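The exercises below are meant for a reader who meets this structure for the first time. Each one sets a task and then works through a solution step by step.

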Amino acid sequence: KHSEDALLELENFDLLMMRYDSAIREVRTKLEILNDELSLTRDYSPISSIISRRKKPMSIYQKLLKQENEISLASIEENLNDVAGVRVICPFIDDIYKVAKMLVQQDDITLIRVKDYIRNPKSNGYRSYHMIVQVPVFFSSEKKPMRVEVQIRTVAMDFWASLEHKMKYKKGLSEEVIQAITDDLAECAATISGTDMRMMGIRDRINELEKYNEITKKQQAYN
Ligand code: 0O2
């Protein structure tokens, strides 16, 4: 018998999972609307892509066990912040902060926690902006506040995190190999961070050129 069966056998486990799926949809829709609006009004998309996932019963079970928390629906809601996860990939670092602000200032969103691993990167080089938000979801006879973990990062940060994540779950690597890869990853994280900053600078220069061209065009038309 699988250990996660203890979860699956809980009454209304499916219902709780459906609620987390709904919360993911609410947050995704909010982000998609913001991106659609800005694409139209400013001709600029602060979001490149959105990925979402609901934590698998096995991972929920393992996390509760690890935290030495009881296996119950109430315990999941109380102790796990990342059953519903939305990952937002932005082109530039400043887009991350703009998107985070626009989401959090919506009056039905409650910000529970922020972890800014961009201003304070982890020692392995991990960078990303994490928020736990609470969003109300309307069901047939009640309104449920649901927690969603939102991770916001650039394309480059995401590229790095995917590869690092892959290594973390690889079994049978020797200490030596792990150390070498860890060092290499840390170096890449530093390069990526520098590149992300430079890319913003290049974007600003291009925008300024565009503005300058528009002004010159207007002046020429006037003359
Ligand atoms: P998975 O497999 O991605 O789901 P909490 O999770 O809230 O109880 P914690 O661990 O302090 O507490 O949360 P944190 O650090 O805000 O976010 C954890 C999640 O961020 C991880 O989820 C990863 O998705 C991501 N993350 C954090 N650190 C790293 C890192 O060093 N490398 C990579 N690649 N991702 C990281 P899970 O559940 O650990 O993993």
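Before the exercises begin, one definition is needed: two strands are said to pair if DSSP finds at least two bridges between them. With that in mind, the bridge partner of Gly 85 in β5 is Glu 149. The model used throughout is a predicted one.

**Exercise 1. The overall layout**

Task: Describe how many helices and strands there are in the protein, and give their order from the N terminus on.

Solution: Start with the count, which is 7 helices and 5 strands. Next, follow the chain from the N terminus, where the elements run α-α-β-α-α-β-α-β-β-β-α-α. The C-alpha atoms, taken along the principal axes, fill a box of roughly 80 × 55 × 25 Å. Of the 223 residues, 22% count as buried, and among the contacts with a separation of 6 or more, residues 24 or more positions apart account for 67%. Finally, an unreviewed UniProt entry lists residues 52-173 as "domain: RelA/SpoT", a span that is 35% helix and 32% strand, with its end C-alpha atoms 30 Å apart.

**Exercise 2. The helix α2 and the loops at its ends**

Task: Check whether the length of helix α2 agrees or disagrees with the span expected at 1.5 Å a residue, and then find what the buried residues of α2 pack against.

Solution: Helix α2 covers residues 13-42, and its 30 residues should span 44 Å at 1.5 Å a residue, where the expected span is 1.5 Å times one less than the number of residues. The end C-alpha atoms of α2 are 43 Å apart, which agrees. The second step is to list the buried residues of α2, which are Met 17, Tyr 20, Ala 23, Ile 24, Val 27, Leu 31 and Asn 35. In an α-helix, residues three or four places apart point the same way, because there are 3.6 residues a turn. The buried residues of α2 pack against β1, β2, α5, β4 and β5.

The third step turns to the loops. Asn 12 is found in the loop between α1 and α2, and this residue has a positive phi of about 70° although it is not a glycine. With 10 C-beta neighbours inside 10 Å, Asn 12 counts as exposed, because the limit for that class is 12 or fewer. After α2 comes Asp 43, whose phi is positive, near 55°, and which lies in the loop between α2 and β1. Asp 43 has 7 C-beta neighbours inside 10 Å and therefore counts as exposed as well.

**Exercise 3. How the strands pair**

Task: Work out in which sense, parallel or antiparallel, β2 pairs with β1 and with β5, and say whether β5 is enclosed or open.

Solution: Take β1 and β2 to begin with, which pair in the antiparallel sense over 6 bridges, with Arg 53 standing opposite Gly 85 in β2. β2 and β5, by contrast, pair in the parallel sense over 6 bridges. β4 and β5 run antiparallel and are joined by 10 bridges, and they form a hairpin with 4 residues between them. Glu 149 in β5 is the bridge partner of Ile 132 and is also the bridge partner of Gly 85. Lastly, consider burial: 9 of the 12 residues of β5 are buried, so β5 is largely enclosed by the rest of the structure, whereas β1 is hardly covered, with 0 buried residues among its 6.

**Exercise 4. A buried loop residue**

Task: Explain why Val 83 is classed as buried, and name the residues with which Val 83 is in contact.

Solution: Val 83 is found in the loop between α4 and β2. There are 25 other C-beta atoms within 10 Å of Val 83, and because 20 or more are required, Val 83 is buried. Leaving aside neighbours within four places in sequence, Val 83 is in contact with Tyr 20, Arg 54, Lys 55, Ile 60 and Ile 76. Val 83 and Ile 24 are 59 residues apart in sequence, and their C-alpha atoms are 9.7 Å apart in space.

**Exercise 5. The shell around the ligand**

Task: Find which helix gives the largest share of the shell around the ligand.

Solution: The ligand is surrounded by residues including Asn 81, Lys 115, Tyr 126, His 130 and Glu 164. The residues of this shell divide into 2 nonpolar, 4 polar and 4 charged. The largest share, 3 residues, comes from helix α6, whose own buried residues are Ala 156, Met 157, Asp 158 and Trp 160. These buried residues of α6 pack against β2, β5 and α7.

How values were computed. Residues numbered from 1 in each chain as written. Predicted model: local features only at pLDDT ≥ 70, side-chain atom pairs only at ≥ 80, totals over all residues. UniProt positions renumbered as here; feature names shortened; annotations may be inferred. Helix = DSSP H or I, 4+ residues; strand = E, 2+ residues; numbered from the N terminus. Near = placed C-beta within 6 Å. Nonpolar A, V, L, I, M, F, W, Y, C, P; charged D, E, K, R; others polar. Contact = placed C-beta atoms within 7 Å.
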